[in-house]
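Hello,

Here is the structure we talked about handing over. Please open it alongside these notes.

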Amino acid sequence: MIRSTLVRALAVTAALGLSVTACGTTNNGTTSGSKSTAGAACGKNLAFLGAETGDAGALGLNMVGGIKLALDEYNKKHSSCKIGLKEFDSQGSPDKAPALATQVVNDSSIIGLVGPGFSGESLATGKTFFEAGLPSISPSATNVTITQQGWTTWHRVIGNDDAQGKADATYLTSTGGAKKVYVVDDAQDYSKGLATVVKTALGASAAGSDEIQVGQTDMSAVVTKVKSSGADAVFYGGYYTEAGLLVKQLRQAGWKGTFMSGDGAEDPAFVKAAGASAANGAVLSAPAAPAPADFNSKYKAVNSADAGLYSTQAYDAANIFLGALDAGKSTPEDINKFIGSYTGTGASGPISFDAKGDVTATTIYAYMVKNGALDTANPTPIK
Amino acid sequence: MDFGFLFHNIIELTITGLALGAIYALVALGYTMVYGVLQLINFAHSEVFMYGTFAVAWVVVFFHGTTSATQSLGSSLGILGAALVAAMVLSAAIALLLERVAYRPLIKKGAPKLIALISAIGASFSLAEIMGLRDKIAGWVGLQDDLSAYVSKARDLYSSPIDVQPQNLFPVGNYQVTDVDLLVIGAALAMMVALDQFVRRTRFGRGIRAVAQDPESAALMGVNSTRVVQLTFLIGGLMAGVAATLYMIRIGSTRQNAGFILGVKAFTAAVLGGIGNLRGALIGGLLLGVVENYGSAVFGSQWKDVVAFVLLVLILLVRPSGLLGEALGKARA
């Protein structure tokens with residue numbers, strides 16, 4: 001009798017202990033143990049919220065790499081007052097992000113958020129961060145409606161989908177010479193937002209539209225629709241996995257038109273998903289310029305991988321926070337004011353923010369897939 | 001609602017739907033056989049299929065390397081043949097492992113079917129996550145660098161480097177039927193006929209039908225029920241291996257959760273055709289593939305799953321035992 005009660009008590013304690021540790025966060029990076037009383041934000045952390053695994057995990061890893069490079073450079077210069085990084089993997093899903101956002105705002109060591117990575121999760125968590133007063137700079141969330149919510153703590157260092165969608169439509173009809181464009185998207189916030197802007201900008205050139213699901217692998221119905229509509233170009237709003245599978249099946253069916261997608265697909269993983277020959281000739285736009293010449297070697301030294309899309313944006317975002325710390329700001333309100341009035345030039349280009357949190361200058365670049373590889377060094381700017 | 005589009009392209013939508021449905025049918029066979037013999041829904045069968053797809057990709061990487069290449073079906077037959085064998089072996093092995101670890105202990109203890117179902121769900125998640133963590137597992141034995149072409153970036157999409165480019169063979173209406181279409185549909189039909197003959201005419205098949213009909217009487221008649229259950233899982237695994245090879249020829253990429261959606265669809269197909277009925281699995285699979293395509297054509301691709309499941313509900317309302325109804329145990333000799 002006593003034994004079984006003891007066993008039960010131990011089991012309950014073990015279960016509670018396990019669930020408490022399971023609620024913990026992954027902590028990467030160095031954190032200084034001592035708390036300085038001089039007001040400096042030593043031993044504090046930046047947070048990253050975004051997709052590190054899942055359908056679009058490659059993009060999140062690019063961002064984490066950029067943040068780590070910025071922190072590495074900062075910590076070398078401030079070896080007695082280091083800043084760490086806490087990563088929260090949302091898998092890019094707006095369902096998983098809110099719970100992680102709650103963890104972020106309850107963690108008093110976090111002074112700022114680089115993220116959220118994607119538009120869906122930004123819309124799902126923006127209110128939480130705004131109400132907690134935590135400033136955030138997203139390197140990659142491009143949906144237009146995010147900065148229309150009145151969240152004064154939310155910023156992004158990348159051009160939004162309004163600019164990107166209009167530029168994409170212009171590219172397809174003028175440079176691409178397409179007469180009829182078929183628009184497909186995967187119904188997510190970012191994808192639908194971008195596809196809608198493109199469709200509106202295309203006007204009469206839009207030959208039709210369809211919506212697929214994330215995780216869908218058989219696109220035969222969409223392929224039939226594209227062929228039947230007589231479209232000579234397809235614009236896909238979404239991420240690289242479905243984009244690659246779609247263009248592969250379009251080419252397998254013998255369709256010869258131009259395939260274009262946005263920044264969610266602008267990654268070498270697109271070529272892997274599509275296969276080299278199907279991916280050749282695809283045009284992937286992004287509101288991001290190629291990284292400066294020495295960036296990749298510095299990035300590789302810290303991360304043992306090549307820089308990718310959003311690495312420079314995340315690097316710049318992290319540096320803005322670190323610049324605020326250098327300027328002696330340590331409270332969230334001061335850091336937020338610093339961001340609002342920040343002007344400078346980062347690895348991704350000139351940065352300053354308007355009243356709503358959007359970056360003021362933006363150029364959209366078209367990246368081509370040639371000879372089985374995504375050419376990340378020589379994009380064409382779309383006028 | 002675009003019926004005009006549907007009618008104009010009905011041949012193309014039907015043939016591509018049949019090709020998709022053939023893969024559902026082959027996976028549905030595994031579900032239907034295990035249910036027929038054990039009255040157990042083997043939720044982990046989707047992972048048996050997923051491991052088969054990885055076996056195909058790994059064999060292609062092993063023989064061909066990681067450089068991307070586009071080849072016709074004819075010139076890839078050798079490597080695809082090897083991949084088929086590997087997929088069938090690995091899927092069968094996973095199926096037998098499942099039977100031994102997740103089900104046999106429970107069946108021997110006479111556990112309620114619900115417990116076996118929970119064990120199936122747990123096995124499904126475990127197998128999928130083991131594939132998703134293969135880079136860490138390779139790291140434990142220090143092989144993550146040697147095997148990096150096979151285990152790195154374990155949670156990303158894993159593509160077979162050889163792209164099979166379908167060749168047009170002959171036109172039917174305004175659609176050019178390709179060699180891949182014929183291969184997929186033909187292979188599924190051939191496997192189905194072979195399996196049907198196996199169950200009807202061989203001694204092993206009679207054993208399967210006997211255990212499906214009445215396990216105790218079968219034991220009294222000298223049928224080793226453990227062997228029969230193993231054989232059932234083995235056959236399900238072999239069919240899933242064939243389905244995996246055909247899937248990789250058509251789609252070319254896989255990931256650790258690729259089995260999940262396909263497993264749900266295949267199980268739906270099995271129920272649609274009459275769970276426990278082999279021909280039902282074929283009819284259910286082909287019908288589901290075609291209906292999904294028609295639904296996408298008429299309503300838009302986002303409604304594809306809604307159409308498929310509404311069809312399932314409607315058919316079950318009219319015929320609760322599914323289209324063909326008759327169970328494995330009642331198949332006539």
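**Domains of chain A**

In chain A, the centres of domain 1 and domain 2 lie 28 Å apart, taken over C-alpha atoms. Keep in mind that this is a predicted model. The assignment gives domain 1 as 40-160 + 291-352, and domain 2 as 161-286 + 364-382. Where the two domains of chain A meet, domain 1 puts in 15 residues and domain 2 puts in 19 residues. On the domain 1 side, helix H2 (57-77) and helix H4 (119-132) of chain A each supply at least two residues. H4(A) gives the most to that side, with 3 residues. By class, the domain 1 side holds 7 nonpolar, 7 polar and 1 charged residues.

**Contact between the chains**

How many residues does each chain bring to the contact? Chain A brings 29 residues and chain B brings 26 residues. On the chain B side, four elements give two or more residues: helix H1 (3-8), helix H2 (10-38), strand E3 (162-165) and helix H13 (278-299). H2(B) has the largest share of that side, at 4 residues. The chain B side that touches chain A is made up of 8 nonpolar, 14 polar and 4 charged residues.

**The nonpolar core**

The largest nonpolar core has 222 residues. Residues from both chains are among those with the most contacts inside this core. From chain A they are Ile67(A), Phe270(A) and Ala318(A). From chain B they are Ala22(B), Ala25(B), Leu26(B) and Ala243(B). Which element gives the most to this core? That is H2(B), with 19 residues. Domain 1 and domain 2 of chain A are each represented in the core by at least three residues.

Take Ala318(A) as one example. Leaving out residues up to four places away in sequence, Ala318(A) touches Leu46(A), Gly66(A), Ile67(A), Ala70(A), Leu71(A) and Val114(A). One of these, Ile67(A), is also listed with the most contacts inside the core.

**Two helices of chain B**

H2(B) deserves a look on its own. At 1.5 Å a residue, its 29 residues should span 42 Å. The end C-alpha atoms of H2(B) are 40 Å apart, which agrees. There is a kink in H2(B) of about 25 degrees, centred on Ala28(B). Is H2(B) enclosed or open to the outside? Of its 29 residues, 26 are buried, so H2(B) is largely enclosed by the rest of the structure.

Gln39(B) comes just after H2(B). Gln39(B) sits in the loop between H2 and H3 of chain B. Its phi is positive, about 50 degrees, although Gln39(B) is not a glycine. With 14 other C-beta atoms within 10 Å, Gln39(B) is partly exposed.

Next comes helix H3 of chain B, residues 45-64. H3(B) has 20 residues and reaches 29 Å from its first C-alpha to its last. That is close to the 28 Å expected at 1.5 Å a residue. H3(B) is mostly covered, with 16 of its 20 residues buried. Gly65(B) follows H3(B), and its phi is positive, near 85 degrees.

**Loops to inspect**

Three loop residues round this off.

- Pro116(A): this residue is in the loop between strand E4 (110-114) and H4 of chain A. The peptide bond from Gly115(A) to Pro116(A) is cis, with omega near -10 degrees.
- Asn371(A): this residue is in the loop between strand E14 (364-370) and strand E15 (373-374) of chain A. Its phi is near 50 degrees, a positive value in a residue other than glycine. Asn371(A) is exposed, with 8 other C-beta atoms within 10 Å.
- Val223(B): this residue is in the loop between helix H10 (215-220) and helix H11 (225-250) of chain B. With 19 other C-beta atoms within 10 Å, Val223(B) is partly exposed, because a buried residue needs 20 or more. Leaving aside neighbours within four places in sequence, Val223(B) is in contact with Gly207(B), Ala210(B), Val211(B), Ala218(B) and Val228(B). Arg206(B) is 17 residues from Val223(B) along the chain, and their C-alpha atoms are separated by 9.4 Å.

Best regards

How values were computed: Residues numbered from 1 in each chain as written. Chains lettered and ligands numbered in written order. Predicted model: local features only at pLDDT ≥ 70, side-chain atom pairs only at ≥ 80, totals over all residues. Contact = placed C-beta atoms within 7 Å. Nonpolar A, V, L, I, M, F, W, Y, C, P; charged D, E, K, R; others polar. Core = buried A, V, L, I, M, F, W, Y, C linked by C-beta atoms within 7 Å. Buried ≥ 20, exposed ≤ 12 C-beta atoms within 10 Å, placed from the backbone. Domains from an automatic or database assignment. Expected span 1.5 Å × (residues − 1). Bend = angle between axes of the 7 residues up to and from the residue.
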